[in-house]
Structure formats: C-alpha cells, structure tokens
Amino acid sequence: MKITLRGLSKRFGSAVAVDGLSLEVREGELVSLVGGSGCGKTTTLRMIAGFEAPDAGEIWFDDRLIGGVPPRQRGLGIVFQSYALFPTMTVAENIAFGLRVARWPEVGIRERVGEMIELMKLGGLERRYANQLSGGQQQRVALARALARKPPALLLDEPLSALDAKIRLRLRGEIRKIQQDLGITTVYVTHDQEEALSIADRIAVMRDGRIEQIGAPEQIYAAPRTDFVADFIGISNLLPCRVVSAAQGAVEWEGERLRARLPGRTDGERVMLSVRPEKLHLLAGGASGSEANRLEGVVEVITFLGPVVRVEVTVHGRPLWVDIPHAGARALERRKPVTLAFAADDAVILAPSDPGRDAIAR
Ligand code: ATP
C-alpha cells in the first residue's frame with residue numbers, strides 16, 4: 001500500500017508539532033522519519049495511525065482519502081517504544097488478540113499464531129507472560145502481534161530504543177529482513193541517525209515539523225543539502241566560507257583559500273563547506289599528497305573508535321575531526337602540529353536552508 005501525506009499540519013495549543021508536511025511512502029518501501037526531540041516524528045506517525053486528527057492536510061492510503069477513519073479500521077500494524085503487551089495474556093494470546101477482535105476462525109488463528117511464532121523466532125515461549133520475557137523478546141512479540149493480521153502497512157515508533165545495544169543491532173537487522181521479505185510498506189520513527197541510515201530505503205530528516213531533506217541513506221550522507229542535515233546525519237566538519245571565485249572553485253575560510261566545486265554559486269556568497277571525517281587525511285611530516293586543500297592544526301584528542309581512530313585537530317581555534325586507520329595513529333601525539341588535507345571533490349557545499357522544502361517529498 002502506498003501512503004501519501006499532503007500538507008499535514010498539527011498544533012498543540014500554540015506549539016506547531018507538524019507544519020505542512022508532505023511525503024509519499026511507496027508500496028513496500030521503508031521510510032524512516034528521523035530528527036531531534038520534538039521535531040514532530042511521533043505526531044506524524046500518530047496522524048497516519050489515526051490517533052491524532054490533523055488540523056490541515058490529507059492522508060491517502062493508495063487512492064483512498066483517510067479522513068475521519070478510526071484507527072482500528074485503518075488496519076495498520078503498529079509497534080511503539082513501550083512494548084505494551086497485555087500483561088495478563090500469554091505470548092500466543094497476545095499475538096492472537098487482533099485476530100480474535102477481527103473474528104478470525106479459531107483454526108485460522110492457531111495457524112497464523114504458529115506462523116508468527118516461527119517468523120519472529122519465539123518458539124518455546126508461547127505460554128510465557130510479558131513479565132517472563134526479556135525486552136528483546138517482548139518487542140518481538142509486539143512485532144508478531146502487529147504483523148499477525150497481515151496489515152497493509154507497518155508503523156514503528158522507536159521500537160528498539162528500550163533495548164541494549166547488541167540486541168538493538170540484531171533486532172534491527174531482523175526487522176529489515178522481515179519487512180523486505182513481506183514487502184510491507186513501513187514508516188519507522190527514530191531519533192537515532194545511525195539506525196535510520198542502516199534500516200531505511202529512504203530517510204526523511206525532520207526539523208520543526210517539516211521534512212528538511214528526503215533521500216536514500218547514501219544520498220543523504222554523501223550529499224546533504226543543508227548544514228542541519230550534514231550535522232545531524234553522521235559527523236561532519238562544517239566550515240562557514242565565502243565564495244572567492246565560483247568559476248575557479250575557490251572559497252575562503254579563516255583566511256585560508258580552499259578548493260571545492262561551486263556550480264551555481266556566485267562570488268561573495270556565504271556557503272557552508274562540509275567535509276566528512278573519513279575524507280580528511282593527516283599528512284605525515286614531509287609527505288606531499290595530491291589533495292588540493294591543506295590546513296595546519298594541532299592534535300587535541302585521539303579516540304579509538306574500534307575500526308578507526310578519530311583525531312580531533314584544532315584549526316583556527318575550531319575542532320575538526322579526522323578518521324584514520326590505527327596504523328596512522330601510532331605516530332600521533334597530543335599538542336603536536338599536523339597537516340590536514342582533503343580533495344576538492346570531497347568538500348560538499350551547502351546552503352543554510354533548503355528552498356525546495358515545500359515541495360512534496362517523493
Ligand atoms: P521525540 O523524539 O522527543 O519523541 P518527536 O519528534 O516524536 O519527539 P512529537 O512527539 O511529535 O516529536 O512532538 C512534536 C511537538 O509537539 C513537541 O513540541 C511536543 O512537545 C508537542 N506535542 C506532542 N504531543 C503533544 C500533546 N499531546 N500535547 C501537547 N503538545 C504535544
């Protein structure tokens with residue numbers, strides 16, 4: 001099922017929670033709504049579910065306008081952060097609940113519960129109660145319950161946030177696999193950008209009740225359109241610059257001349273230059289390197305992150321982050337001068353705001 005939101009708005013008193021939001025979630029697609037606290041993610045999801053009525057705008061399921069249709073009749077599978085299992089029911093009874101309400105025949109219920117137990121790897125736990133399950137198991141039951149009625153779409157609101165890191169990683173992979181196997185249209189709310197990057201077909205980055213940018217994870221990561229998105233998704237070094245010569249691809253930051261691609265920019269314009277930590281290199285003493293851009297700095301902090309080492313280097317009083325392999329970090333020392341280098345092509349030039357954000361996000 002395709003879900004289309006057009007100009008959706010919702011206020012609570014004087015606070016605008018969602019502000020003219022438009023979005024199309026394609027059949028079988030997983031779109032993640034990601035953004036900081038209070039940006040309107042949950043309110044958007046609650047309007048799709050029917051728990052909150054929009055003040056303005058339309059919600060379409062395929063070519064049906066879903067006006068005042070009550071939540072139950074929308075037929076969606078919903079999982080919230082708190083597992084909200086019925087404590088007086090067993091796992092099997094929890095999964096069967098929606099089917100009973102929908103008056104499925106007893107044989108059909110038994111069969112479907114069996115399928116869900118298998119799909120969510122809950123075998124052996126059928127007779128347990130919620131308080132006899134781990135957090136991860138409870139959330140699997142909540143998913144099984146949401147999927148049991150074969151809903152046309154699934155709404156997930158921070159389904160993993162109450163779980164510890166390892167379980168969260170595992171279950172996130174499982175959710176993605178099941179979502180793809182079933183081909184079920186899914187809206188996934190999270191404040192965790194890494195979770196969004198890893199699970200979604202497309203990410204909608206929200207800010208102040210609107211979508212700031214929408215796109216595939218790799219697109220959002222490699223080509224953020226605004227400094228907000230660059231800063232929110234992954235880690236970015238953001239340098240406020242002035243265009244010296246758009247034709248020659250030259251900008252100036254703190255008196256330093258830097259090279260970047262500047263199509264469509266004008267001389268004198270203020271822009272933000274964004275460069276990811278893995279695109280910055282440290283030049284060992286005397287090494288020349290081929291990158292167009294050079295900055296002199298001082299090593300401030302060296303942090304081992306597992307796969308890479310993140311080095312904080314102060315340049316013109318500002319911290320820049322550089323990710324390097326372990327081998328390159330051995331010779332580094334705090335307070336020692338280093339040279340940073342990056343290629344013109346690895347500098348992403350951003351506008352501070354996105355003029356296209358009123359357009360429908362497809
Ligand atoms: P979080 O990640 O913190 O859950 P969110 O992006 O999901 O945030 P929402 O819960 O949608 O954000 O809230 C958006 C704004 O609307 C916030 O300012 C919030 O305080 C406000 N809000 C949400 N629900 C209500 C309500 N029932 N009554 C009053 N204000 C509300």
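Between domain 1 and domain 2 of this chain the count of salt bridges is zero, a result that, like every value here, refers to a predicted model. Across the interface of these two domains there are nevertheless three residue pairs in polar contact, with both residues of each pair at pLDDT 80 or more.

On the side of domain 1 that touches domain 2, the elements that give two or more residues are the helices α7 (193–199) and α8 (217–222), together with the strands β9 (202–207) and β10 (210–215). The residues of this side of domain 1 divide into seven nonpolar, five polar and two charged.

The division of the chain places residues 3–222 in domain 1 and residues 227–350 in domain 2, and the C-alpha centres of the two domains lie 39 Å apart. In terms of contacts, 14 residues of domain 1 meet eight residues of domain 2. The area buried between the two domains is about 980 Å², and carbon and sulfur atoms give 70% of that area. Within domain 1, the residues that lose the most area to domain 2 are Gln 193, Val 205 and Tyr 221, which together account for 50% of what that side buries.

A separate part of the description concerns the ligand. The residues around the ligand are Phe 12 and Ala 17, followed by Gly 36, Ser 37, Gly 38, Cys 39, Gly 40, Lys 41, Thr 42 and Thr 43. For some of these residues, the distance from a protein atom to an oxygen atom of the ligand is listed below.

| Residue | Protein atom | Distance to a ligand oxygen atom |
|---|---|---|
| Gly 38 | backbone N or O atom | 2.8 Å |
| Thr 42 | polar side-chain atom | 2.8 Å |
| Thr 43 | side-chain N or O atom | 2.5 Å |

Gly 38 thus approaches the ligand through a backbone N or O atom, whereas Thr 42 does so through a polar atom of its side chain, and Thr 43 likewise presents an N or O atom of its side chain to an oxygen atom of the ligand.

Terms used:
Residues numbered from 1 in each chain as written. Heavy atoms only, no water. Domains from an automatic or database assignment. Contact = heavy atoms within 4.5 Å. Buried area = accessible area lost by both parts, 1.4 Å probe. Salt bridge = Lys/Arg side-chain N within 4 Å of Asp/Glu carboxyl O. Polar contact = N/O pair within 3.5 Å; in protein donor to acceptor, adjacent residues only side chain to side chain. Helix = DSSP H or I, 4+ residues; strand = E, 2+ residues; numbered from the N terminus. Nonpolar A, V, L, I, M, F, W, Y, C, P; charged D, E, K, R; others polar. Near = heavy atom within 4 Å.
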